[in-house]
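I opened this model to look up its core, its charged side chains and a few separate residues. My entries are below, in the order I made them.

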Amino acid sequence: MFSPSNSSHAEIRDAFPRLSNVGTSSLGEDADMCGDTLDEAIQDGPRGRSLQFKLETIHELQRLLSFSDKEIDRITQTWVLLSIDPIADVEEPPNWGRYSTYRAFWEAVLRAFETDSEVQKHVHV
């Protein structure tokens, strides 16, 4: 069973393969190519993904958010899932934005996937 407190980078990547994928695209090193702000990059995450991918990502995010703040911080600070720091106050690009906690960031990512139009159609069927 996965335990964030003593997991290796490979175990984290294996536990959250969809988040790792999103973290290398819209939330990766070139996140600014997906929007002018961090919020726009987050909103770009579901775009171009299959419904199955989106649903699996939602499940992974719910699982991640079930952990304590300390565990979420530890998982996120390994930089296995992301190559950006969503709580850093970055200078470039200007007005990029930041989140106060890693939990707040991941909650915003979850909202982006949950409110995606394709997911909404699936939920309301």
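These entries go through the core, the salt bridges, the surface charge and then some single positions.

**Entry 1: status of the model.** I note at the start that the model is predicted.

**Entry 2: nonpolar core.** I began with the largest nonpolar core, which has 35 residues. Which of its residues touch the most other members? I found Phe 16, Leu 27, Ile 42, Phe 105 and Trp 106 in that role. I then checked which helices supply at least two residues each, and listed helix 1 (9-15), helix 2 (17-24), helix 3, helix 4 (51-65), helix 5 (69-77) and helix 6 (102-114). Helix 6 gives the most to this core, with 9 residues.

**Entry 3: salt bridges, count.** I looked up how many salt bridges the structure holds, and the number is 5. As background, I wrote down that side chains of opposite charge can pair when their charged atoms come close. I took three of the pairs in turn.

**Entry 4: Asp 116 and Lys 54.** The side chains of Asp 116 and Lys 54 form a salt bridge, at 2.8 Å from N to O. I traced both ends along the chain: Asp 116 sits in the loop between helix 6 and helix 7 (117-123), Lys 54 sits in helix 4, and the pair links distant parts of the chain, 62 residues apart. Are these two residues buried or exposed? I found both Asp 116 and Lys 54 to be buried. I also noted that Lys 54 and Asp 116 belong to a network of salt bridges together with Glu 118.

**Entry 5: Arg 103 and Asp 69.** Here the salt bridge between the side chains has an N to O distance of 2.3 Å. Arg 103 is in helix 6 and Asp 69 is in helix 5, so this pair too links distant parts of the chain, at 34 residues apart. I checked the cover on each side. Arg 103 counts as buried because its relative accessible area is 18%, under the 20% limit. Asp 69 is partly exposed, at 44% relative accessibility.

**Entry 6: Arg 103 again, with Leu 65.** I stayed with Arg 103 and looked at its distance to Leu 65, which is in helix 4. The C-alpha atoms of Leu 65 and Arg 103 are separated by 6.9 Å, with their positions 38 residues apart along the chain. Leu 65 is buried, at 15% relative accessibility.

**Entry 7: Arg 47 and Asp 44.** The side chains of Arg 47 and Asp 44 meet in a salt bridge of 2.9 Å, N to O. I asked how the two ends stand in accessibility. Arg 47 is exposed at 54% relative accessibility, whereas Asp 44 is buried at 18%.

**Entry 8: negative patch.** I turned to charge on the surface and found a patch of negative charge made of Glu 29, Asp 30, Asp 32, Asp 36, Asp 39 and Glu 40. Of these I looked up Asp 39, which lies in helix 3 (residues 38-44). Asp 39 has a relative accessibility of 42%, so I logged this residue as partly exposed.

**Entry 9: Glu 92 and Asp 32.** What lies 60 residues from Asp 32 in sequence and 9.1 Å away in space, C-alpha to C-alpha? The residue is Glu 92, found in the loop between helix 5 and helix 6. Glu 92 is exposed, with a relative accessible area of 66%.

**Entry 10: Trp 79.** I also checked backbone angles in the loop between helix 5 and helix 6, where Trp 79 is placed. Phi of Trp 79 is near 60 degrees, a positive value in a residue other than glycine. I noted this because most residues other than glycine have a negative phi. At 38% relative accessibility, Trp 79 is partly exposed.

**Entry 11: two serines.** Ser 25 is in the loop between helix 2 and helix 3 and is partly exposed, at 30% relative accessible area. From Ser 25 to Ala 41 I noted 16 residues in sequence and 9.4 Å in space, C-alpha to C-alpha. Ser 3 lies in the segment before helix 1 and is partly exposed at 26%. The C-alpha atoms of Ser 3 and Glu 56 are separated by 19 Å, and the two residues are 53 apart along the chain.

Conventions. Residues numbered from 1 in each chain as written. Predicted model: local features only at pLDDT ≥ 70, side-chain atom pairs only at ≥ 80, totals over all residues. Heavy atoms only, no water. Patch = residues over 30% accessible without salt bridge, like charges linked within 9 Å, V, L, I, M, F, W, Y side chains within 5 Å. Areas by Shrake-Rupley, 256 points an atom, 1.4 Å probe, with all protein chains shown as cover. Salt bridge = Lys/Arg side-chain N within 4 Å of Asp/Glu carboxyl O. Lys, Arg positive; Asp, Glu negative; His and termini not counted. Charge placed at Lys NZ, Arg CZ, Asp CG, Glu CD. Helix = DSSP H or I, 4+ residues; strand = E, 2+ residues; numbered from the N terminus. Buried < 20%, exposed > 50% of the residue type's maximum accessible area, 1.4 Å probe, protein only. Core = buried A, V, L, I, M, F, W, Y, C linked by side-chain atoms within 4.5 Å.
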